[in-house]
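Please open the structure in your viewer and keep the selection tool at hand. The stops below are meant to be taken in order, each with something to select and something to look for.

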Amino acid sequence: MIKIQYCDRKWVEKCHLEYVKKRIQKSAANMKTKYVKELEILLELQKKLNRKSKPSNDGMEEAMENIRKIAIYPYLEELIAMQKEWFELFEKDDRKILSEAIKNLLIYDSFYNGLGIEIDQKMIQWNRQKLLVENNAKICPYCGRQYITSWREETTACCDHYYPKESFPLLSINMYNLVPSCYVCNSVLKGRNVKNESDLHLYPYQDDSEILKFKVKIENAGSLYNISEEANSIEIISQVDDEPQIARAEKSLELFKLEEIYQYHVKDAFKLRKALKEESSEAYQKIFSENYKQLENISNYAFSYRQKDMLNEPLVKFRRDIEEQFKESCASLGIDDSVG
């Protein structure tokens with residue numbers, strides 16, 4: 001898992017809030033004629049939430065104020081608690097109606113095409129693709145091995161709902177609940193396998209990239225320097241003591257099949273360890289000092305990941321973790337290492 005963030009969070013929030021405001025206005029107009037029962041439930045919700053002030057005749061502006069703000073609120077756990085509190089105010093059948101009402105107001109499926117909005121006196125088309133681009137992630141944060149770059153006006157990225165929209169409709173269009181991801185992680189592996197809070201995996205907007213670390217088996221100096229390609233195997237370990245984070249880390253490993261998938265990269269690990277071994281040898285260092293410019297180019301080519309952002313190129317975190325392990329193993333085995 002790799003941590004992500006919006007390039008300009010305040011600007012994205014501004015655009016997204018304006019989009020949701022316009023989307024709700026359009027949806028509410030439709031609900032007045034097609035979803036009478038759902039509208040009644042929403043208005044009743046407003047009364048129960050604020051008993052001191054009664055909604056106006058149409059009541060929609062008051063009733064939707066909280067939902068608009070929810071779309072840009074970053075503390076998802078608080079929103080989950082809020083939804084539970086809201087829904088408990090209603091009977092079971094009315095909860096279903098309320099859930100459908102919220103879905104009909106926000107209409108996540110319409111976010112693919114989006115709407116034209118005015119920001120700073122300029123008209124822009126705000127949609128799913130624009131939101132994902134503002135994340136600046138070219139690599140899937142869940143697996144770290146698949147590109148999710150854009151092409152023209154289309155995007156190859158999926159938009160994963162960290163909290164599933166079926167169970168948590170209030171978060172269906174929350175910008176912090178929408179995680180750019182590859183098709184394999186989002187649709188093939190995760191799919192509908194997250195049904196409640198106990199199924200949650202690592203959260204890319206909050207959890208640190210270093211929670212999970214890639215390792216290869218190293219027991220002694222012999223296995224450090226002379227391991228064969230066939231003897232390589234990849235394991236991923238958790239680096240935290242916090243129990244909730246440990247649970248989410250274990251769920252990420254299970255849900256996204258990370259250890260299984262990364263066995264396909266044992267050859268990459270072998271080539272990297274071989275290059276690290278050669279770079280740390282005395283002969284290499286001697287040649288390097290005598291012919292610096294030529295070998296600097298070779299080194300940059302072999303270890304290009306050292307200059308790359310892990311969200312811009314596949315397997316950068318994987319290679320960095322293996323190199324870090326190589327250095328630590330050299331130190332623990334008393335080997336003078338000159339890597340880097």
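The tour begins with the whole chain and then moves through selected strands, loops, a helix and a cavity.

**The whole chain**

Before selecting anything, bear in mind that this is a predicted model, and colour the protein chain by pLDDT, which averages 84, with 82% of the residues scoring at least 70. In a cartoon view the protein chain shows 14 helices and eight strands. Of its 340 residues, 48% count as buried. Among contacts between residues at least 6 apart in sequence, 72% join residues at least 24 apart.

Next select residues 51–58, where pLDDT stays under 50 and for which the model has nine contacts beyond four places in sequence. Where pLDDT is low, the predicted coordinates should not be read in detail.

**Helix α5 and the loop after it**

Select helix α5, residues 92–106, and within this helix pick out Ser99. Ser99 counts as buried because its relative accessibility is 9%, below the 20% cut-off for that class. If residues up to four places away in sequence are set aside, Ser99 touches Phe87 and Pro169.

Then move to Ile107, which is placed in the loop between α5 and β1. The backbone deserves a look here, since phi of Ile107 is near 40°, a positive value in a residue other than glycine. With a relative accessible area of 28%, Ile107 is partly exposed.

**The hairpin of β1 and β2**

Select strand β1, residues 115–119: four of its five residues are buried, so the strand is largely enclosed by the rest of the structure. Add strand β2, residues 122–126, which runs antiparallel to β1 and is joined to it by five bridges. To follow one of these pairings, start at Gly116 and look across to its bridge partner in β2, Gln125. The two strands form a hairpin with two residues between them, and in the turn Asp120 has a positive phi of about 55°.

**Strands β5 and β6**

Which way do the side chains of strand β5 point? Show residues 158–161 as sticks: Cys158 and Asp160 point one way, Cys159 and His161 point the other way, and all of them are buried. In a regular strand the side chains alternate between the two faces of the sheet.

Now add strand β6, residues 178–181, which pairs with β5 in the antiparallel sense over four bridges. Among the residues to inspect here is His161, whose bridge partner in β6 is Leu178.

**The loop between α9 and α10**

Select Lys257, found in the loop between α9 (243–255) and α10. Phi of Lys257 is near 50°, again a positive value in a residue other than glycine. Its side of the picture can be checked with the surface displayed, where Lys257 counts as partly exposed at 37% relative accessibility.

**Helix α14**

Does the length of α14 agree or disagree with the span expected for its residues? At 1.5 Å a residue the 17 residues should span 24 Å, and the end C-alpha atoms are 24 Å apart, so the two agree. Colour the helix by burial, and the buried residues include Val316, Lys317, Phe318, Asp321 and Ile322.

Within this helix, residues 316–332, centre the view on Phe326. Phe326 is buried, with a relative accessible area of 1%. From its C-alpha atom, draw a distance to that of Lys277: the two residues are 49 apart in sequence and 8.9 Å apart in space. Just after α14, stop at Gly334, which takes a positive phi of about 75°.

**The largest cavity**

Finally, turn to the interior. Rolling a probe the size of a water molecule over the atoms shows where empty space is left. A search of the whole structure finds two cavities of 30 Å³ or more, and the largest has a volume of about 100 Å³. Of the 15 residues that line the largest cavity, select the closest to its centre, namely Met1, Cys143, Phe214, Tyr262 and Lys317.

Which elements each supply at least two residues of this lining? They are β7 (212–216), α10 (258–262) and α14. Helix α14 gives the most, with three residues, which brings the tour back to the helix of the previous stop.

How values were computed
Residues numbered from 1 in each chain as written. Predicted model: local features only at pLDDT ≥ 70, side-chain atom pairs only at ≥ 80, totals over all residues. Heavy atoms only, no water. Buried < 20%, exposed > 50% of the residue type's maximum accessible area, 1.4 Å probe, protein only. pLDDT = per-residue confidence, 0-100. Contact = heavy atoms within 4.5 Å. Pairing = 2+ DSSP bridges. Expected span 1.5 Å × (residues − 1). 1 Å grid on protein atoms, 1.4 Å probe; cavity = no way out; pocket = protein on both sides within 12 Å on 5 of 7 lines; lining within 4 Å. Points joined across faces, edges and corners; volume = space filled by probe spheres on them.
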